Amino acid sequence: MTTAAITEVDQATTRIAVQQRRAPAPYMNPYLAGVGLGLVLLTAFITMGHGLGASGGVVSIVGAGVQTVAPGHAANSEFFRPYLGTTPGGTLGTWLVLELAGIFIGGFVSALLAGRLKRGITGRQIGASPRLLTAVAGGAVMGFATRLARGCTSGQGLTGGALLNVGSWAFMLALFAGAYLVAGLVRRQWT
Amino acid sequence: MDLTAPFYQAGVLGPRSGLVVAMLIGAAFGFFLERAGLGNGRKLASQFYLNDLTVFKVMFSAILTALLGLFWLGQAGVLDVSLILLSPTYLVPQVIGGLLFGAGFVIGGYCPGTSCVAAATGKLDALVVFAGMMAGILLYGEIYPAIRPFAESTSMGRISFPALLSVRPGIVVGIVTLLALGGFALAGRIEKSRGNRLVQPE
């Protein structure tokens, strides 16, 4: 590496450090961010012929976990078998796992550049332990629901929404209905 | 004009380069989610108390962008829309799934993608939502033989609204566009009537 390049890297690191000390940058205009997301989704359609997903990758991870812990059980599982290693469904499964890894990286980079990396527990005004309890409970209900629905806000909501998929729009309407129905129960956590 | 997209189906992209695309697309997806503030659980939940409708605005402007892009690229003859994977509809299980998903979303505070973004930015509760989600999927997998008859009920096949209603896609695209624009105007009015209590970065 040349001295000039080293100096440049040094300066960039300093800039990031300075940015981290400053107040966090405001969020992007929601419509602008939405158009950005829509173009990402369109790129997935154009390049791969399928859309985005998030929960699908998690199924492959859970399936791999079951296979590691209990290989015989996984091989006999009606549900996990299609997600395991060398089976035909594996290609899209692998794609979704890597996409999920990308989501982590992209979210981290965006927050880093905006000075929004901050460790903590959101919604902890009800107490840290109760909040982590609602987090695990809500996550479990949601995870279960993604399998009944064959997707989540990414695979059904955004992707199926843009494809005018009948089941996706039914899922989306039900999602908002379910959330508004239950919101009153956890109001203290969020407001 | 020859149809050249989707690239994967046209053989322009192989499985290996497809996986590079997966990482890049995922990264861009996570980037815009965080930019919009959707890595913030309070902002996500505020949608359901009508204080901050960012979730709605981002979701439907993304859907509208991709929808119009697909439509025009299809019309121009560069993208074969019929090759794009449409997941099959199981009406009742998907409605029940949606109701449960919405409940889990507001209780936990994140959906699957946004839980990854929030976890990546240091939020422990988001990591716990992700762990809970894995547990929920594991449970589903374990009781799948019992739940399968219901999960596969009311099957409608791979079906979109233009096919269901036997109308030209352009008509549905037009209706969705008008509904989204109306929704955006309404969302702005609701936020204003609630005193613009938008959730800011912490």
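A residue counts as exposed if 12 or fewer other C-beta atoms lie within 10 Å of its own. That cut-off serves the last close-up. All views show a predicted model.

**Figure 1. Chain B combines nine helices with two strands.** Along the sequence, the elements run α-α-α-α-β-α-α-α-β-α-α. The C-alpha atoms of chain B fill a box of roughly 50 × 45 × 35 Å along the principal axes. Chain B has 202 residues, and 49% of them count as buried. Contacts were also sorted by sequence distance. Among those in chain B that link residues at least 6 apart, 65% join residues at least 24 apart.

**Figure 2. Helix α7 of chain A is mostly covered.** This helix spans residues 153-162, and ten of its ten residues are buried. The buried stretch starts with A:T153, A:S154, A:G155, A:Q156 and A:G157. It continues with A:L158, A:T159, A:G160, A:G161 and A:A162. Which elements cover these residues of α7(A)? From chain A, the cover includes α2 (30-48), α3 (55-69), α6 (128-149) and α8 (166-183). From chain B, it includes α4 (54-76) and α6 (112-120). Both chains therefore contribute to the cover, a contact being a C-beta pair within 7 Å. A:L164 follows α7(A) and has a positive phi, near 55°.

**Figure 3. Chain A meets chain B.** In this interface, 108 residues of chain A are in contact with 111 residues of chain B. On the side of chain A that touches chain B, α2, α3, α5 (90-114), α6, α7 and α8 each supply at least two residues. By class, that side of chain A has 67 nonpolar, 33 polar and eight charged residues.

**Figure 4. Helices α2 and α6 of chain B cross at roughly 80°.** Helix α2(B) covers residues 15-36, and its axis comes within 10 Å of the axis of α6(B). The crossing angle makes α2(B) roughly perpendicular to α6(B). From α2(B), the contact uses B:G30, B:L33 and B:E34. From α6(B), it uses B:G113, B:T114, B:C116 and B:V117. The residues of this contact divide into three nonpolar, three polar and one charged.

**Figure 5. A cis peptide bond joins B:A5 to B:P6.** Its omega is near 0°. B:P6 is found in the segment before α1 (7-10) of chain B. Most peptide bonds are trans.

**Figure 6. B:T154 has a positive phi.** The value is about 45°, although B:T154 is not a glycine. Most residues other than glycine have a negative phi. Where in chain B is B:T154 found? The residue is in the loop between α7 (124-151) and β2 (155-157) of chain B. B:T154 counts as partly exposed, because 13 C-beta neighbours lie inside 10 Å.

**Figure 7. B:N196 also has a positive phi.** Phi of B:N196 is near 45°, in a residue other than glycine. B:N196 lies in the segment after α9 (169-193) of chain B. Is B:N196 buried or exposed? With 10 C-beta neighbours inside 10 Å, B:N196 counts as exposed. The cut-off for exposed is 12 or fewer.

Technical notes: Residues are numbered from 1 along each chain as its sequence is written. Chains are lettered from A and ligands numbered from 1 in the order in which they are written. This is a predicted model: local features need pLDDT of at least 70, side-chain atom pairs count only at pLDDT 80 or more; totals for chains, interfaces and linings use all residues. Helices (H or I, at least four residues) and strands (E, at least two) are DSSP runs, numbered from the N terminus. A residue is buried if 20 or more other C-beta atoms lie within 10 Å of its own, exposed if 12 or fewer, and partly exposed in between; C-beta atoms are placed from the backbone. Two residues are in contact if their C-beta atoms, placed from the backbone, lie within 7 Å. Axes are lines fitted to C-alpha atoms, for helices over the stretch in contact, and angles run from 0 to 180 degrees between N-to-C directions. Angles under 35 degrees count as roughly parallel, over 145 as roughly antiparallel, 65 to 115 as roughly perpendicular and the rest as oblique. Ala, Val, Leu, Ile, Met, Phe, Trp, Tyr, Cys and Pro count as nonpolar, Asp, Glu, Lys and Arg as charged, and the others, Gly among them, as polar.
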